[in-house]
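This report describes selected side-chain interactions and packing features of one chain. The sequence and the structure are shown first, and the discussion follows.

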Amino acid sequence: MVFILGLNFPESRLVKSALSSFYGVGPKHTQRLMAKLYIHDTARVGSLADKQVLDLTAELSSMTIENDLRRKLQDDIRRLRDMGAYRGRRHAMHMPVRGQRTRTQTATAGKLNRVERFG
């Protein structure tokens, strides 16, 4: 097991999928991080050297990911609601925010837009 930023990963897991498991780190960020640290696309977590794991942890800790990113998203939505902006009111009513139709298919928007909006 390899310990990266508070999570244990099995040694057989791909580095690409291990990095993508962090909230806020998608395929593009994963590819850039791996290129920056000279890690091959098909490298496994167990094959990384200790220095590479430490560098990877340092890079991830400098990024806004996981709980910090979730908190920032909640604060942004709360700010929009407090301001009384149109987007904030749409968030508060569980309605589509980005101009989607409301005559039909609003249930889907209500399900997908369930980010912590209450409070």
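## Charged and aromatic side chains

In this predicted model, the charged end of Arg70 sits over the ring of Tyr23, at 4.2 Å from the ring centre. Arg70 also takes part in a salt bridge with Glu66, with an N to O distance of 3.5 Å. Arg70 counts as partly exposed because its relative accessibility is 35%. Its partner Glu66 is likewise partly exposed, at 24% relative accessibility.

The structure holds six salt bridges. Three of them, including the one just described, are set out below.

| Salt bridge | Distance, N to O |
|---|---|
| Lys36 and Glu59 | 3.2 Å |
| Glu66 and Arg70 | 3.5 Å |
| Arg71 and Asp68 | 3.2 Å |

The side chains of Lys36 and Glu59 form one of these salt bridges. This pair connects distant parts of the chain, since Lys36 belongs to helix H2 (residues 27–36) and Glu59 to helix H3 (residues 50–62), with their positions 23 residues apart in sequence. Glu59 is partly exposed, with a relative accessibility of 21%; the cut-off for a buried residue is under 20%.

The bridge between Arg71 and Asp68 lies within a single element. The two residues are three places apart in helix H4 (residues 67–83), so about one helical turn separates them. As a general point, an α-helix has 3.6 residues a turn, so residues three or four places apart point the same way. Arg71 has a relative accessible area of 45% and is therefore partly exposed. For Asp68 the relative accessible area is also given as 45%, and this residue too is partly exposed.

Arg90 presents another case. This residue is placed in helix H5 (residues 86–92). Arg90 is buried but has no salt bridge, and the nearest side chain of opposite charge, that of Asp82, is 17 Å away. A salt bridge requires a side-chain nitrogen within 4 Å of a carboxyl oxygen, which is why a separation on that scale does not qualify. Apart from neighbours within four places in sequence, Arg90 is in contact with Met95, Pro96, Val97 and Thr102.

## The aromatic pair

How many aromatic pairs does a search of the whole structure find? The search finds one. Its members are Phe9 and Phe22, which adopt an edge-to-face arrangement with 6.0 Å from centre to centre and 75 degrees between the planes. Phe9 is part of strand S2 (residues 7–9), while Phe22 is in the loop between helix H1 (15–20) and H2, so the pair ties together parts that are 13 residues apart in sequence. Phe9 and Phe22 are both buried.

## Helix H2 and its two sides

Which residues of H2 are buried? They are Thr30, Leu33 and Met34. Viewed down the axis of H2, these buried residues fall within an arc of 95 degrees, so they line one face of the helix. They pack against H1 and H3. The face turned away from the buried side carries the exposed residues Lys28, Gln31, Arg32, Ala35 and Lys36. Lys36, on that exposed face, is the residue that bridges to Glu59. Just after H2, Tyr38 takes a positive phi of about 55 degrees.

Met34, found in helix H2, has a relative accessible area of 1% and is therefore buried. Its C-alpha atom is separated by 8.4 Å from that of Val15, although the two residues are 19 places apart along the chain. With neighbours within four places in sequence left aside, Met34 is in contact with Val15, Lys16, Leu19, Ile39, His40 and Asp41.

## A buried position in helix H3

Val53 lies in helix H3, the helix that also holds Glu59. Its relative accessible area of 11% is under 20%, so Val53 counts as buried. Val53 and Val2 are 51 residues apart in sequence, and their C-alpha atoms are 8.4 Å apart in space. Beyond neighbours within four places in sequence, Val53 is in contact with Val2, Phe3, Ile4 and Leu48.

How values were computed. Residues are numbered from 1 along each chain as its sequence is written. This is a predicted model: local features need pLDDT of at least 70, side-chain atom pairs count only at pLDDT 80 or more; totals for chains, interfaces and linings use all residues. Side-chain values use heavy atoms; hydrogens and water are left out. Helices (H or I, at least four residues) and strands (E, at least two) are DSSP runs, numbered from the N terminus. Buried means under 20% relative accessible area, exposed over 50%, partly exposed in between (1.4 Å probe, protein chains only). Lys and Arg count as positive and Asp and Glu as negative; His and the chain ends are not counted. Contact means heavy atoms within 4.5 Å. Rings of Phe, Tyr and Trp (its six-membered ring) pair if their centres lie within 6.5 Å; planes under 30 degrees apart count as stacked, over 60 as edge-to-face and the rest as tilted. A charge sits over a ring if NZ of Lys or CZ of Arg is within 6 Å of the ring centre and within 35 degrees of the ring normal. The arc is that of the directions from the helix axis to the C-beta atoms.
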